[in-house]
Amino acid sequence: MLIYAHRGASGTYPENTIASFQEAARLPVHGVEFDVHLTKDGELVVIHDESIDRTSNGTGYIKDLTLPQLKEYDFGSWFSPDFQGETIPTLDEVLQIFKSTHHHLNIELKSDIFPYEGMTAKVLELIKQYDLESRVVLSSFDHSAIQEVKRLAPHIETGALAMEVLVQPLDYLKNIPADAFHLLFPTAIRPAYRELYAAGIPVRAFTVNEEQYASLLQQAGVQAIFTDYPERLFAFLNA
């Protein structure tokens, strides 16, 4: 079973920061997962939440702030004083870290709350500039964004994010269409999803931080897990 470093090595470093991604980049795990939003001035930044309140010393929504404004805030001290001075990274800065590594990049389009106009196209253009089209999967809870990816760049792998137990998930996936399902891990072992495994559809489960759950998902046929502790889970699964 493959491992993705969730928001970088976010169990031991502040999530979605350069420090977290540099740590993930040195690990032998399969991939790394991170989230993208669009700023007021049209820049792609890597952060999970729609606002900066939880992970910085500032406040406000990404959509209402410019990149220069966002760069003024500290995104590391909330986690530990050791990371004081970490700033919000741009997608460009994150891709710089991974452009020469082996890692598969799961870029989550965070347009499920605010529909960032033009964000999908901007992400696709930057991926193309870095020649990373064969090394990415674009995922989202906003399945219309997945449709847009397939319309603009049908060769790019996509993953539909879901937290619910869906009825006939294979039909739903084909209807989007998407290439993979990224599921909240308790749902990934429900009987409704067995048809995905039988059809060879990649299923990746989030967020798995306990060894016992990793083993359970591996037995079920899950292809990959997202974890905040990639080094520890990698050691466990490869022991």
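**Close-up views of aromatic rings**

**View 1. Meet Phe-83, a buried residue**. In this predicted model, Phe-83 has a relative accessible area of 15%, which puts the residue below the 20% limit for being called buried. Phe-79, by contrast, is partly exposed, at a relative accessible area of 30%. The structure holds ten aromatic pairs. Phe-79 and Phe-83 make up one such pair, and their arrangement is edge-to-face: the centres are 6.0 Å apart, with 65° between the planes.

**View 2. Phe-79 and Phe-83 belong to an aromatic cluster**. Here you can look for Tyr-13 and Trp-78 as well, since these two residues join Phe-79 and Phe-83 in one cluster.

**View 3. Phe-141 and Phe-206 form an edge-to-face pair**. Their ring centres lie 6.2 Å apart and the planes meet at 85°; angles over 60 degrees count as edge-to-face, so this pair fits the description. Where do the two residues lie? Phe-141 is in the loop between strand 5 (136–140) and helix 5 (143–152), while Phe-206 is in strand 8 (residues 203–206). The pair therefore ties together parts that are 65 residues apart in sequence. Phe-206 is buried, with a relative accessible area of 11%, whereas Phe-141 is partly exposed, at 27% relative accessibility.

**View 4. The charged end of Lys-63 sits over the ring of Phe-114**. Try finding the centre of the Phe-114 ring: the charged end of Lys-63 is 5.0 Å from that point.

**View 5. Arg-232 lies over the face of Tyr-229**. In this view, the distance from Arg-232 to the centre of the Tyr-229 ring is 4.8 Å.

Conventions. Residues numbered from 1 in each chain as written. Predicted model: local features only at pLDDT ≥ 70, side-chain atom pairs only at ≥ 80, totals over all residues. Heavy atoms only, no water. Phe/Tyr/Trp six-rings, centres within 6.5 Å; stacked < 30°, edge-to-face > 60°. Buried < 20%, exposed > 50% of the residue type's maximum accessible area, 1.4 Å probe, protein only. Helix = DSSP H or I, 4+ residues; strand = E, 2+ residues; numbered from the N terminus. Lys NZ or Arg CZ within 6 Å of the ring centre and 35° of its normal.
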